[in-house]
Amino acid sequence: MSFVEYSDFIQDGDVAIVYLSHDSMMPVKVQQGAQTQTRYGVIRHSTDLIGQRYGSKVTCSKGGWVHVLHPTPELWTVSLPHRTQILYTTDIATITMMLELKPGSVVCESGTGSGSLSHAILRTIAPTGHLHTVEFHQQRAEKVAEEFQEHRVDHLVTVRNQDVCKDGFGVTGVADAVFLDIPSPWEAVKHAKAAMKRRGGRVCSFSPCIEQVQRTCETLAEEGFQEISTMEVLLRVHDVRTVSLPLPDFGPDPSEPDTEREAPTTSGPTHAAVTLKTTTPPREIPGHTGYLTFATKPRT
Amino acid sequence: MSFVEYSDFIQDGDVAIVYLSHDSMMPVKVQQGAQTQTRYGVIRHSTDLIGQRYGSKVTCSKGGWVHVLHPTPELWTVSLPHRTQILYTTDIATITMMLELKPGSVVCESGTGSGSLSHAILRTIAPTGHLHTVEFHQQRAEKVAEEFQEHRVDHLVTVRNQDVCKDGFGVTGVADAVFLDIPSPWEAVKHAKAAMKRRGGRVCSFSPCIEQVQRTCETLAEEGFQEISTMEVLLRVHDVRTVSLPLPDFGPDPSEPDTEREAPTTSGPTHAAVTLKTTTPPREIPGHTGYLTFATKPRT
Amino acid sequence: MADHEDDDYQCRIKEGDYVVLKRGDIFKAMQIQPRKKVIFEKQWFFLDNAVGHLYGATFEIVSGGTLQPEKPKDTVSSDGSKEAGTDNRNIVDDGKSQKLTRDDIETLKEQGLKGQQIIDQLIKNSSTFRDKTEYAQDKYIKKKKKKYENTVTILKPSCRILALMYHGREPGKICHMRYDTLAQMLTLANIHAGSKVLVFETCAGLVLGSVMERMGGYGSVIQMYPGGGPVRAGVESFGFPAHFHDMLHEFPICHVNSLLAGTLDTTAKDTNTDETKSNMAAEEEQNQPEADEQGSMEQQNMEINTGDETGQDQEKTRKEAKAQEKKARLEEKRKKLAAAAALLEGRNADGLVIASRFHPCPVLMGLLKFLSPSRPFVVYSQYKEPLIECYTKLREHGGTVNLRLTDTWLRHYQVNSPYMSCSSQESTVLTPSLKRKSLTSFLY
Amino acid sequence: MADHEDDDYQCRIKEGDYVVLKRGDIFKAMQIQPRKKVIFEKQWFFLDNAVGHLYGATFEIVSGGTLQPEKPKDTVSSDGSKEAGTDNRNIVDDGKSQKLTRDDIETLKEQGLKGQQIIDQLIKNSSTFRDKTEYAQDKYIKKKKKKYENTVTILKPSCRILALMYHGREPGKICHMRYDTLAQMLTLANIHAGSKVLVFETCAGLVLGSVMERMGGYGSVIQMYPGGGPVRAGVESFGFPAHFHDMLHEFPICHVNSLLAGTLDTTAKDTNTDETKSNMAAEEEQNQPEADEQGSMEQQNMEINTGDETGQDQEKTRKEAKAQEKKARLEEKRKKLAAAAALLEGRNADGLVIASRFHPCPVLMGLLKFLSPSRPFVVYSQYKEPLIECYTKLREHGGTVNLRLTDTWLRHYQVNSPYMSCSSQESTVLTPSLKRKSLTSFLY
């Protein structure tokens with residue numbers, strides 16, 4: 001198992017995703033002899049996990065069962081321990097495409113936060129790329145570095161604990177792409193530029209507030225970035241369900257004598273209904289997360 | 001005919017809406033002896049319109065036919081002569097509800113523009129309300145006053161040709177609701193407040209740019225307005241259509257011996273398809289028009 | 001048109017008024033009744049003290065459930081501390097930053113501390129507050145405020161406020177209709193004073209009440225209702241003046257076919273004497289239990305205007321009165337039916353509004369016959385598929401122009417002057433509404 | 001990892017490169033060929049001069065269709081006038097504010113005036129320009145610029161740019177897939193280097209090419225294609241290095257059932273010798289005309305990389321060579337088929353991407369059998385209804401978890417520093433994509 005390479009079987013030391021339900025998943029560090037508590041009972045790693053195929057259905061001690069899935073950055077995003085606000089897959093997917101990430105890309109990122117985006121970047125740039133990620137919060141930087149190791153992607157990433165606005169990314173002229181998710185991205189734009197390859201590349205800044213976007217766009221333009229473009233992507237999840245629509249009873253129709261009807265007094269109101277498959281969006285859409293501002297650094 | 005009262009028959013002096021197609025309607029001033037050119041040929045008012053029922057199908061000189069509809073503010077909005085950018089029905093509907101307009105409401109509006117919103121306001125506040133509308137462009141003010149007369153709503157409206165930011169609405173302490181659609185609404189907020197009833201009321205400002213919204217919200221808060229809330233409403237029109245989805249041909253299935261199939265060499269690829277009714281939104285949604293900022297003036 | 005002194009009368013809360021309570025984004029419709037205990041947002045109180053105050057006033061709920069008019073606002077933290085960090089880097093996420101326990105807070109509450117005072121205590125006892133950025137501090141205060149505030153604002157009901165209330169509290173009751181959708185419907189159907197409008201809804205009366213508000217007591221509204229009786233809990237909440245109800249008529253859809261066929265008898269007769277004619281009274285009786293059931297369900301869930309006065313000893317007298325009542329009710333119903341039938345017979349309605357949990361297609365095809373030519377109608381359904389069917393059927397059927405299947409997206413923006421403008425939030429449902437400028441079918 | 005000098009080689013436009021031309025929001029894919037006349041936005045020119053320049057460079061099209069590198073930008077109106085009105089009140093809408101006629105402008109063009117110079121003339125001859133507000137002036141200049149500018153930027157192709165291009169130029173070709181939807185699909189399917197991915201698409205090769213880009217030449221991609229041959233015009237436009245094509249395999253879906261049944265024969269034999277086995281070659285031949293047709297339609301509409309060199313005298317020689325070619329092609333196909341079949345036989349693919357005009361339900365149910373347990377798949381359809389069917393079928397069928405039917409809304413914002421930030425524009429289509437973390441069906 002690794003976050004950048006599939007395996008078929010669960011092994012000691014893997015991180016597996018225990019799938020309880022659509023909105024309940026938990027990452028589990030697989031260890032010989034260890035146990036994991038779920039609401040369906042205990043999972044015994046040695047017997048229930050190790051040697052099993054990823055995707056297997058595992059029966060827990062209370063008789064309930066769970067699925068054990070191979071980790072992916074997307075499953076990690078919905079199950080990781082939150083140490084900060086995180087980026088979700090809808091934004092991550094857009095960022096990955098719009099930054100033109102691919103195997104071999106060198107990427108700078110700040111802040112690392114809980115590592116949600118970092119894992120998705122690593123998946124895409126492996127096996128030949130590299131991620132330089134900067135996190136000013138020491139505790140978080142240490143924790144995420146530990147996770148990278150557990151997820152067997154540490155050879156692809158360098159974690160730096162510093163202030164990107166003051167100290168930059170710690171590298172110069174190497175990046176194909178830079179991602180910023182910090183309160184004042186405009187203060188890091190010149191560092192982003194410095195970190196990027198001379199031939200140019202793409203930059204993205206994520207901000208929840210339009211004022212941050214405005215200042216960032218201004219600074220990007222001043223620093224000579226081109227194709228500055230701000231967008232927002234929202235996800236709608238459609239709930240598939242069967243609904244029943246009653247038909248109105250307009251009473252007996254004297255103009256239709258061929259209708260086979262009993263005397264209306266005895267037939268009573270008809271309760272006919274039509275059943276159909278439809279979708280309903282959830283009442284509250286997971287709304288605004290942030291604005292994504294992209295730009296191109298030209299060759300300098 | 002009037003824009004605030006239905007009639008059944010077309011009369012001399014009416015304004016009728018000639019409906020050619022979904023996106024092609026034209027308002028026609030009905031006059032004894034007059035003619036109107038359409039792409040389907042000439043409509044002769046005396047014979048084709050006057051005395052006919054609203055809703056009638058009228059055959060034009062070239063043999064094509066059109067429908068003649070009773071005017072409504074909504075039909076006027078899609079057929080009026082543009083002298084400015086106009087407000088469309090989606091925004092108008094929201095404004096009407098959020099300003100709590102109803103029969104008897106006294107409303108102030110600026111700018112009048114092409115009168116799209118004005119007609120909708122008049123429809124809703126009739127027969128006992130009044131609209132004070134301020135337009136700084138003299139030509140436009142004159143033209144819209146003329147239209148109000150033709151549409152038989154002039155008794156419900158006062159048009160003033162002045163600068164609302166300098167001179168206000170020309171009335172004090174009378175309005176239940178104020179609507180602003182001007183480049184710098186913040187300059188008119190104090191006039192809006194002065195125009196409103198002592199007991200309070202609702203105000204709306206329409207602006208295409210978020211900076212305008214920011215300044216307006218600031219000023220509204222400074223002037224003591226409450227419940228300040230900004231929103232945006234977008235319309236999606238769904239195109240209903242029948243589509244055909246081909247079914248894939250995976251070739252003969254040896255595991256299903258009971259399938260009645262000819263020898264595959266002679267049967268050729270099957271071109272089965274499934275037909276279904278679905279909707280497609282138009283490729284380009286009529287996008288952002290503006291932000292609607294609403295607020296409540298408390299009793300002062 | 002100037003603001004007269006007597007305007008004031010309308011602006012003040014009176015006993016018997018229908019009002020809407022508000023805290024933050026939470027609304028609840030209510031009637032002002034003396035010494036009536038009301039429960040709102042898990043707090044109980046009496047509205048008596050609100051009488052005589054202006055609509056829009058905010059009250060603090062003090063001990064004993066008494067309302068006390070709020071003093072001028074004091075939004076800045078009372079100890080005046082405005083110290084803020086520049087970022088959150090020094091905040092360690094150990095869940096131990098708040099020194100006050102849940103029990104401590106309960107004790108503070110018991111000591112009679114009010115919302116703002118409790119929040120001040122929370123800030124004082126938060127080890128990380130000072131290190132948070134100004135934005136984060138602001139967010140923190142807002143969150144806590146929501147939790148510990150105990151004020152309530154009293155509003156005059158309106159279509160806008162009741163639509164917000166229903167969508168927030170009981171969306172299932174109004175077929176998940178959003179207020180912006182209701183706004184589109186009222187405008188697209190050209191609802192205005194002096195017209196004759198047909199309404200078929202299962203939205204607790206919200207749509208019906210909104211139509212009535214827009215007609216201001218002028219014209220006539222005919223509620224076409226399914227089952228045994230019209231549902232109107234929502235109409236009451238509007239608190240319309242009495243004369244508004246004069247324009248409201250009702251007609252049970254089970255008589256639509258006989259009305260159209262000209263066989264509906266609405267003259268006053270004893271029950272079941274004429275079986276060859278559409279035996280309206282029999283059906284009425286038959287449908288009654290269902291209506292009661294529907295009505296009481298309505299009452300249970302609506303949480304508005306329910307009294308506690310029904311004692312068990314009243315049960316007896318009630319039963320005796322019931323027979324009498326029933327007869328009177330039937331007679332009244334017959335008169336109402338006759339009046340509604342008279343309005344419908346001309347088949348010259350000016351507008352038609354459909355918003356229900358029923359399949360919209362047969363409802364529309366049935367009721368469209370009552371519409372005058374060149375008049376708009378609008379059909380709402382929570383689901384798109386049946387509206388596609390509606391659309392297709394109408395196109396095949398002919399007689400309509402300007403038909404459109406639409407929905408709207410609504411978005412709220414937070415514009416916090418002067419510093420932070422943030423986090424727009426989307427609240428959207430697929431809510432198509434079908435619009436038609438009609439040339440009714442019999443024209444062709 | 002530092003920026004080496006030889007990096008430069010990749011940054012410069014070379015002969016034979018696949019490039020994308022850009023003006024404003026308009027893109028067009030193209031190969032650089034010597035003395036090849038290209039037409040873009042109604043202008044013709046030659047790309048020869050672009051060779052040796054850096055990717056991202058902007059060129060002005062000068063007389064004779066020559067490209068000339070653009071000088072540093074000069075966006076301010078050249079006569080330096082910055083006079084602006086404060087509002088538009090004095091502007092009379094008589095349609096006569098522009099003194100230059102259409103003919104005048106044509107004359108200016110013939111005199112060799114360039115975009116900016118023509119716009120300057122238009123401003124000078126506009127009686128209302130000075131009275132317009134600064135914002136309105138800006139809008140005016142932008143509008144005119146779009147109309148009269150004659151520059152072109154040359155970009156290196158990428159998934160991002162080609163997705164934008166296709167959606168803008170020929171959305172019908174890619175089942176109206178938006179670029180943000182493609183982005184979701186690539187991520188939700190966990191496409192990455194070293195995996196084995198199945199692709200079934202009728203999106204001109206755009207989806208296939210995007211998957212290949214994300215795999216960077218590592219692993220294998222198997223294109224499952226309907227009809228007579230795989231469609232890949234879009235893959236060419238990516239301009240991948242040669243070794244990328246080594247990972248690309250293709251398999252005709254008409255052999256899916258025989259492969260699953262173990263009756264597919266892919267050994268090299270003469271045509272039609274063994275009729276009892278799945279007679280692949282015969283079907284190939286039979287399907288060929290359809291494939292050609294499909295291919296040529298593709299070519300006609302794509303407007304990319306089409307030469308004018310096909311003279312009519314070449315027709316003869318071609319026919320003779322055709323027979324030979326056909327045989328070689330069949331042999332090559334057989335080898336390819338064998339290779340693809342070998343990859344599929346293990347039924348252990350790591351990902352499955354479906355995006356086609358076919359009904360997604362049978363496609364998915366058929367191809368899902370090739371997926372390893374615990375691997376994601378994604379299905380795109382332009383329409384929601386068939387995906388609802390897909391969803392329902394899969395839930396009935398079992399063997400999948402984490403199934404979701406989603407779509408995304410994309411919105412672009414114009415943030416014009418420093419003064420005007422305006423007019424966000426929405427460009428949305430209903431583009432559901434279906435996601436599943438799979439436990440493939442045979443597990444149960």
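User: What share of the contacts in chain C with a separation of 6 or more comes from residues 24 or more positions apart?

Analyst: Happy to help: that share is 70%, where a contact means two C-beta atoms, placed from the backbone, within 7 Å. This is a predicted model, in which local features need pLDDT of at least 70, side-chain atom pairs count only at pLDDT 80 or more, and totals for chains, interfaces and linings use all residues. Residues are numbered from 1 along each chain as its sequence is written, with chains lettered from A and ligands numbered from 1 in the order in which they are written.

User: What makes a residue of chain C count as buried, and how many do?

Analyst: A buried residue has 20 or more other C-beta atoms within 10 Å of its own C-beta, again placed from the backbone. Of the 444 residues in chain C, 42% count as buried.

User: Why is the set with Val211(D) called a nonpolar core?

Analyst: The name applies because such a core is a set of buried Ala, Val, Leu, Ile, Met, Phe, Trp, Tyr and Cys residues joined through C-beta atoms within 7 Å. The largest one has 297 residues, and Val211(D) is among those with the most contacts inside it. Beyond four places in sequence, the contacts of Val211(D) include Leu186(D), Ile191(D) and Val353(D).

User: How do you know that β12 of chain A and β13(D) pair?

Analyst: Strands (DSSP runs of E, at least two residues, numbered from the N terminus) pair if DSSP finds at least two bridges between them. Here there are nine bridges, in the antiparallel sense, so the definition is met. Met231(A), for example, has His412(D) as its bridge partner.

Notes:
Buried ≥ 20, exposed ≤ 12 C-beta atoms within 10 Å, placed from the backbone. Helix = DSSP H or I, 4+ residues; strand = E, 2+ residues; numbered from the N terminus.
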